[in-house]
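Thanks for coming. Please have the sequence and the model open while I talk.

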Amino acid sequence: MLTLKELCAGLPLAPIPELTPRDESVPHAPTRLQELTLAEEKLAVQNALRYFPSEHHELLATEFAIELRTYGHIYMYRFRPNIHMRAYPISEYPAKCTAGAAIMHMIMNNLDPTVAQFPHELVTYGGNGQVFSNWAQFWLVMHYLSELTEEQTLVMYSGHPMGLFPSLVSSPRLVITNGMMVPNYSSREMYDKLFSLGVTLYGQMTAGSYCYIGPQGIVHGTTLTILNAARKNLHTNDLSGKVFVSAGLGGMSGAQAKAAVISGCVGVIAEVSEEALLKRYNQGWVMELAEDLDNLVALLRNARRRKKPVSIGYHGNVVDVWERLVMEYEATGELLADLGSDQTSCHNPFQGGYYPVQLNYQESRDMMYQDPGQFKLLVQESLCRQVKAINKLASRGMFFFDYGNAFLLEASRAGADVGRTDGLHGTKFRYPSYVQDIMGDIFSLGFGPFRWVCTSADPSDLEKTDAIAASVIERLAASNNSLAVQQQYEDNIKWIKEAGQHKMVVGSQARILYSDQEGRTAIALAFNKAVSEGHLKGPVVISRDHHDVSGTDSPYRETSNIYDGSAVCADMAIQNVIGDSFRGATWVAIHNGGGVGWGEVINGGFGLVLDGSEAAARQAQCMLAWDVSNGVSRRCWAGNQHARSTIQQTMRDNPNLRVTIPYEIEDTDLLDKALNPSF
């Protein structure tokens, strides 16, 4: 078993590691679609050999060619390190600066088998959201980070470490780009080719920026979404006996079962992979299992009657669940679902993100590679069946919402009846995006998924940070006069006080809550002070999901409620990362692609190490203010009234902030008059 010092010594070449069979005891990524010409296959192998001296090329060339043709990608399994992959205490990493050690801590958490979806393929979540493209890159990055100083920046090109470059002490220590493309070439087909060539990767959101904290990262957002969906559409704060039906328990989607219970309802989550289902069950995220539909319906009815919060994991296809619920309604008149959504990885529907109901799990994995054309047809037929069942239940009172996984987008492309309309304000569907209908105004208030990781890896530090965060937002809630803001603070106070008892930690000692600019800054400063005074045993890394007020431009999700015609523009995400980089972020990342798919979104993220220093406090104040106000300002300019009020208050609090506020048209008939054909 390797030590961290050995791991950071560089790519092992003397001797080169022995080739061992692929470990079939862990889940593996589906075989990637690989439609390369012979010349392109040669280029892919040539690209992989660049990491190794020529004396190893004869051995590795054949091996890499076999991997390419067998798995659709060169992962370099030979170089998968023999180490217990986890987030070690920051003090154990051999490093020349705190930032280097903190980043290594975050990377290893992203690849921890208890956290990562397909750890041996370096996939953290979402079916294809990767940290690196191959294991050689991992070794080189760990070596570079161990050598990193406060006057250098590590530059990452889509998983490839370009190297350490001289920079200022005030500069980021790491800059990451993933999947960035010349716009005319940003297509799913081009991605498949370039990924096979080893020259780009899909970083999802927090996988490729090393900020993933396990499914807890989305538990809170899903909890808030369910609560606010019930308030708005079921007109209740009490979800006792209410049923939420969805699909997916793999990566981020694994949060749904836990979120349903925290919300107080009955969660029914279908999952085709037995490995994924049992993983969540053994982690305590799923409370009960159902192997057949009769058992599922019996468990569901019992939980509804008892009004007991419970999560039920169904081993099977969600299309069968939806169609059975329709059958139950038609037979009894009983509507067994109140809320519905979907969290399959539908951004990648034809390569493992969505499994058609006509095939079982293994049959799907075989066909998607052996007969991709037929597999695509089955996926589209399955999507149509799923939507048909959902439509029937929705017409009887169930509320369905799109959770930003491209489900409705792909269903529309399959020909399903989702009421797609394309117009001036982008594409809309019968069922609104949860951003449009549920969470959009919350983003406009400046609230979003603020995260932190205790790099000491000590659970007691996490308990202390929970208490610090609760104290801060209780104080802010008491002094805020906005009812909308107070509601969000109250939800988050309840969340953070109960977070420990829900046992959501998987991997690093991390936490998440939704907060606005004032709250994020105050919490960060309180953490930094606790580190400085020795109350915490190690530095705290703060970050956020890219899915936030400023981080992401995505017309099907984060910016789906932007109605000035700019929903498809990506200025906000690019400006966000540039601005964070010179205002104090320890690292920044910008990606093409995210939860809704390659080419459909640009998203940016950051990490900031709070080491107790005065410099860290200044950086947190400056960077977090920009990181939130950037998005609030954009939403204000697009006409959102919550954003307008929020940014105006922020300007009153900070005289150095001056934002362009739009003038409103008072005469609503003015445009019709101006554009009258007779003019």
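I will go through cavities, cores, cysteines and a few single residues.

This is a predicted model, in which local features need pLDDT of at least 70 and side-chain atom pairs count only at pLDDT 80 or more, while totals for chains, interfaces and linings use all residues. Residues are numbered from 1 along each chain as its sequence is written, and side-chain values use heavy atoms, with hydrogens and water left out.

Cavities come up to start with. A cavity here is a set of points, on a 1 Å grid over the protein atoms alone, where a 1.4 Å probe fits but cannot get out, and lining residues have an atom within 4 Å of a point. Grid points are joined across faces, edges and corners, and a volume is the space filled by probe spheres set on the points. How many cavities of 30 Å³ or more are there by this rule? The count is four.

The largest cavity holds about 110 Å³ of space. Its lining has 16 residues, and those nearest the centre are Asp402, Phe429, Ser433, Gln436 and Tyr556. Helix 15 (407-413) and strand 13 (426-428) each give at least two residues to that lining. Helices (H or I, at least four residues) and strands (E, at least two) are DSSP runs, numbered from the N terminus. By class, the lining of the largest cavity has nine nonpolar, five polar and two charged residues. For those classes, Ala, Val, Leu, Ile, Met, Phe, Trp, Tyr, Cys and Pro count as nonpolar, Asp, Glu, Lys and Arg as charged, and the others, Gly among them, as polar.

The second largest cavity has a volume of about 80 Å³. Its lining includes Arg32, Asn128, Tyr191, Asp192, Phe195 and Gln351. Helix 6 (residues 188-197) has the largest share of this lining, four residues. The split for the second largest cavity is three nonpolar, five polar and two charged.

Now the cores. A nonpolar core is a set of buried Ala, Val, Leu, Ile, Met, Phe, Trp, Tyr and Cys residues joined through side-chain atoms within 4.5 Å. Buried means under 20% relative accessible area, exposed over 50%, and partly exposed in between, with a 1.4 Å probe and protein chains only. The largest nonpolar core has 160 residues, and Ile107, Phe138, Tyr210, Trp452 and Ile542 touch the most other members. Helix 4 (residues 98-110) gives the most to this core, eight residues. Apart from it lies another core, of 55 residues, including Val310, Val318, Ala337 and Phe429.

Tyrosine 210 deserves a second look. It lies in the loop between helix 6 and helix 7 (216-234). Its phi is near 65°, a positive value in a residue other than glycine. Is tyrosine 210 buried or exposed? At 1% relative accessibility, tyrosine 210 is buried. Not counting residues up to four places away in sequence, tyrosine 210 touches Ile103, Met106, Ile107, Asn110, Val131, Phe132, Met156, Leu174 and Ile176, where contact means heavy atoms within 4.5 Å.

Serine 158 also has a positive phi in a residue other than glycine, near 45°. Serine 158 sits in the loop between strand 3 (152-157) and strand 4 (160-166), and is buried at 10% relative accessibility. One more backbone item is the peptide bond from alanine 14 to proline 15, which is cis, with omega near 0°. Proline 15 is in the loop between helix 1 (4-7) and helix 2 (38-49).

On to cysteines. A search of the whole structure finds zero disulfides, a disulfide being a pair of cysteine sulfur atoms within 2.5 Å. Cysteine 454 is in no disulfide, and the nearest cysteine sulfur, that of cysteine 211, is 15 Å away. Cysteine 454 is buried, at 1% relative accessible area. Cysteine 265 is buried too, with a relative accessible area of 1%.

Two helix residues remain. Glutamate 323, in helix 11 (residues 318-332), is partly exposed at 28% relative accessible area. Outside its neighbours within four places in sequence, glutamate 323 contacts Arg385 and Ala389. The C-alpha atoms of glutamate 323 and lysine 392 are separated by 9.5 Å, with the two residues 69 apart along the chain.

Asparagine 630 is in helix 21 (residues 614-637) and is buried, with a relative accessible area of 10%. Leaving aside neighbours within four places, asparagine 630 is in contact with Ser550, Met572, Gln575 and Asn576.

Definitions and conventions. 1 Å grid on protein atoms, 1.4 Å probe; cavity = no way out; pocket = protein on both sides within 12 Å on 5 of 7 lines; lining within 4 Å.
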